[in-house]
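Open the model in your viewer and keep the selection tool at hand. The stops below say what to select and what is there.

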Amino acid sequence: MKNIGQDLLFISYVLCALVMCTSSCTNAESATETEKQVSANKPLKFSQRKIADDAKHLWAHVPGDVTGDGIADLACIHTNSTGGFLGYYEGRQDSGLWTMHTIAQQPPTGGLFASGDLELGDLDGDKDLDVFAVKHPGEWSDAGATAELFWYENKGGAWQPHQIGSVPDAVKDVSFCDFDQDGKVDISILTFDEHTLSIFKQHAADEWERVQFIQNDVLHEGMATGDVDNDGDPDIVATGMIYLNPGSDISQPWGVENLDQIWNNQEGDWSRNGTKSFMHDLDGDGQVEIFMSHSERAGYPLAYYKRTAEGWKKTVLKDSIAACHTLQAFDFDLDGDIDVLAGINFGRAVSLNKDNFDVSIFVNSGDDQVFKEMVIESDGIYNGQALDYDGDGDMDIFRYPQHEATDFYLMENKVRD
């Protein structure tokens, strides 16, 4: 798999389980001096093309090189609203739609697949990407139904299912991470109907133990992993609640802090406490910052936080972004500084009576951490994912315009051109 090193370097939450960087599941990439010279004075720009026209409620999707040919594919669950099949679109560099391949029409125990999130990672240590899967009837059919968790072992075109366990209702977020740093990938799962956070420890391919089951009424959507307290092990942010890793024995109680109550003190309908979260080491000190936005409502900021001896330090990048359902942080312009991708879910913004559907990169000016917004698309994005899809050293963007779209796009980074 010739580009596995690049995948590991750039995808903090997709392949964090394969290697540990600053003892967390967030890998901070930085531009080399040559890259800085290449991108100096070159404007950040993207070329967009359609890669699929048959997407249906493709809420759970994640890019990664499933086939091992050096070009990223797009793993997904089709029809997440009411259940569907598990598959992937095979990536290609030339124009044209990507071909869909089916991993499994249904789970080993029957039924359908559905999830609010998806994950890829090398769960068995054989240097290829395996796929996470959830048996569930779908949020629109029965959000409160029990979800069965599986992973599908990549066997070079064939797929072998393995059972992980279950959680009480629809899965909203999933993260792969070696929480106890024993060399095996563990999994954290966030559900919204019963407001739970579960951590499954991997003992072997078919032997998983749920070592944490946390119920908190504020838990809903938005999870990321990284070393927020700089103690050498990865922690979890879930709906603005911080769960601090106890160390090698992750069955012990995790410390709890509230990052900022604005993310989890909401009332009302299903849209309360809907967040997007991302972690990245912004200033290169080995400790990650936490980036936050609201995925469903208006009137909430785009901000990042750093844990200090005096408490959480908050920096606001934009006072308000409605339905900001995409949040990523990488060095998009290759100048050595971390930029922020944030974008509005078109369909949800319309329901909020908004007419702004911008997709923006907040470009980091340098050591002073001043960010300037650059709009790169004006027609929305849902659960956008950044990845160097072709291994040319810059971060591209996978764009699904809204949660009911049928078209899917690749925004190819042209900063080197």
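Start by selecting methionine 241 together with Asn216, Val218, Ile236, Val256, Glu257, Asn258 and Asn264: these are the residues that methionine 241 contacts once neighbours within four places in sequence are set aside. The model is predicted. Methionine 241 belongs to strand E16, which covers residues 241–244. For one of its contacts, set a distance between C-alpha atoms: methionine 241 and glutamate 257 are 16 residues apart along the chain, yet their C-alpha atoms are separated by 6.0 Å. Is methionine 241 buried or exposed? Its relative accessible area is 9%, and the cut-off for buried is under 20%, so methionine 241 counts as buried.

Next, step back to threonine 239, in the loop between strand E15 (235–238) and E16. Check its backbone: phi is near 50 degrees, a positive value in a residue other than glycine. Threonine 239 is also buried, at 0% relative accessible area.

Then select asparagine 273, which sits in the loop between strand E17 (255–258) and strand E18 (275–280). Here too phi is positive in a residue other than glycine, with a value near 60 degrees. Asparagine 273 has a relative accessible area of 1% and is buried.

Now zoom out to the whole chain. The protein has 28 strands and four helices. Of its 417 residues, 62% count as buried. Among contacts with a separation of 6 or more, 52% are between residues 24 or more positions apart.

For the next stop, select Phe332, Val340 and Ile397. These have the most contacts inside the largest nonpolar core, a set of 33 residues. To see which strands feed this core, colour E20 (302–308), E22 (324–330), E23 (339–344), E24 (359–364) and E25 (371–377); each supplies at least two of its residues. A second core, separate from this one, has 19 residues, including Trp98, Leu387, Phe398 and Phe408.

Which residues does isoleucine 397 touch, not counting those up to four places away in sequence? Show Phe46, Phe332, Leu341, Ile361, Ile376, Ile381, Gln385, Ala386, Tyr409, Leu410 and Met411 around isoleucine 397.

Move on to the largest pocket, which holds about 320 Å³ of space. Its lining has 17 residues, and those closest to the pocket centre are Glu139, Lys172, Trp270, Glu296 and Tyr382. Colour the lining by residue class to find seven polar, five nonpolar and five charged residues. Two helices can be highlighted here: H3 (139–142) and H4 (346–351) each give at least two residues to the lining. H4 makes the largest share, with three residues.

Finish with the cysteines. Select cysteine 76, which counts as buried at 1% relative accessibility. Then select cysteine 324, buried as well, with a relative accessible area of 0%. How many disulfides does the model contain? With a cut-off of 2.5 Å between cysteine sulfur atoms, the count is zero.

Terms used
Residues are numbered from 1 along each chain as its sequence is written. This is a predicted model: local features need pLDDT of at least 70, side-chain atom pairs count only at pLDDT 80 or more; totals for chains, interfaces and linings use all residues. Side-chain values use heavy atoms; hydrogens and water are left out. On a 1 Å grid over the protein atoms alone, a cavity is a set of points where a 1.4 Å probe fits but cannot get out, and a pocket is an open set with protein on both sides within 12 Å along at least five of seven lines; lining residues have an atom within 4 Å of a point. Grid points are joined across faces, edges and corners, and a volume is the space filled by probe spheres set on the points. Ala, Val, Leu, Ile, Met, Phe, Trp, Tyr, Cys and Pro count as nonpolar, Asp, Glu, Lys and Arg as charged, and the others, Gly among them, as polar. Buried means under 20% relative accessible area, exposed over 50%, partly exposed in between (1.4 Å probe, protein chains only). A nonpolar core is a set of buried Ala, Val, Leu, Ile, Met, Phe, Trp, Tyr and Cys residues joined through side-chain atoms within 4.5 Å. Contact means heavy atoms within 4.5 Å.
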